[in-house]
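Reader: I have the sequence and the model open side by side. Could you walk me through what the terms rest on?

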Amino acid sequence: MFRAWHTDPRTGRLNTMTTSIDLPTRLHGALAAGIAARPADALLLSGGVDSSLLAALAAEGAGTPPVAITVSLDTAPVDTCPLHGRDLAVRCNSDHDAASDVASWLALRWQPIRITVEVALEALLELCLALRSFDLGNLNNIALYIGTLRATRIGAKRIWTGDDADSLFGGYRFLARHDDWQDYLAERIPTIRPPFTDIAAITGATPIFPWLHPRVLEIAQSLERK
């Protein structure tokens, strides 16, 4: 759990937030500013919180990208993930259904892409060769790669993703070990380089990361663990 701090403009001192609405309101404004400052032609929509919030705030500000793209395996969701076991709060391979709901709620121009395991493995090989890397992390990049190829084929050049919201706001379980959150982020932020940076480069697209806007980073850095 986090509590937030902000700088008092009169004294320059850090003060703890006193109302529960302050942090959500500040984050809403900061992310909306990041969206407005960094427009895109397409959004890679996973159906998770990070990309869905981008879509919702963009729609709220009438800045919704022309198209949202979701890539998922053409298999039914299952309760037990073959990689994570039951260590997931949602059903494995449920991205398609979640993104479908978000697209419907926000009236997005949605392009779902269902791929077979064979197609996914072919894309993985292409990624490894293009990036000259056999890092197993490329398994997580298959959807980014295929989604970006679709986006560029329909003329999209600037592409949003929800990258690094989890690392900034403690969304990964392993981040719980960082007791001094501000020290962790002071070291982490200068080294942030989302994998999509290189994936976009090999597809001819420009990666856009609203979650890495300076105002969003400032709010992340204002947090500390309670």
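Author: Gladly, and let's begin with one pair: Thr 70 has Pro 112 in strand 5 as its bridge partner. This is a predicted model, where local features need pLDDT of at least 70, side-chain atom pairs count only at pLDDT 80 or more, and totals for chains, interfaces and linings use all residues. Residues are numbered from 1 along each chain as its sequence is written, and side-chain values use heavy atoms, with hydrogens and water left out.

Reader: What makes strand 4 and strand 5 a pair?

Author: Two strands pair if DSSP finds at least two bridges between them. Strand 4 (residues 67–73) and strand 5 have 6 bridges, in the parallel sense, so they qualify under that rule. Besides Thr 70 with Pro 112, the partners include Ile 69 with Gln 111 and Val 71 with Ile 113. The strands themselves are DSSP runs (E, at least two residues), as are helices (H or I, at least four), numbered from the N terminus.

Reader: How do you know that strand 3 pairs with strand 4?

Author: Strand 3 (residues 42–44) is joined to strand 4 by 3 bridges, again parallel, and the rule asks for at least two, so this counts as pairing. Ala 42, for instance, stands opposite Val 67 in strand 4.

Reader: Why are strand 5 and strand 7 called edge strands?

Author: The open sheet has 5 strands in the order 5-4-3-6-7, with parallel pairing. Strand 5 (110–115) and strand 7 (206–208) each pair on one side only. Neighbouring strands of this sheet are turned by 30 degrees against each other on average, direction ignored; the axes are lines fitted to C-alpha atoms, for helices over the stretch in contact, and angles run from 0 to 180 degrees between N-to-C directions.

Reader: Which residues of strand 5 point to the buried face?

Author: Gln 111, Ile 113 and Ile 115 do, and they are buried, while Trp 110, Pro 112 and Arg 114 point to the other face and are not. In a regular strand the side chains alternate between the two faces of the sheet.

Reader: Why is Leu 73 called partly exposed?

Author: Buried means under 20% relative accessible area, exposed over 50%, and partly exposed in between (1.4 Å probe, protein chains only). Leu 73 has 32% relative accessibility, so it counts as partly exposed. Leu 73 belongs to strand 4, where 6 of the 7 residues are buried.

Reader: Why is Trp 181 called buried?

Author: Trp 181, in helix 7 (residues 181–188), has a relative accessible area of 0%, so it is buried. The side chain of Trp 181 also reaches the backbone oxygen of Leu 168 at 3.4 Å.

Reader: What makes that a polar contact?

Author: A polar contact is a pair of N or O atoms within 3.5 Å; within protein, one must be able to donate a hydrogen and the other to accept it, and residues adjacent in sequence count only if both atoms are side-chain atoms. The 3.4 Å for Trp 181 and Leu 168 fits, and these residues are 13 apart along the chain, with C-alpha atoms separated by 9.5 Å.

Reader: How do you know that Ser 222 is buried?

Author: Ser 222 has 8% relative accessibility, so it counts as buried. Ser 222 is in the loop between helix 9 (214–221) and strand 8 (223–225), and its side chain reaches the backbone oxygen of Ile 219 at 2.6 Å.

Reader: And why is Gly 171 partly exposed?

Author: Gly 171 has a relative accessible area of 46%, so partly exposed is the word for it. Gly 171 sits in the loop between helix 6 (165–169) and helix 7.
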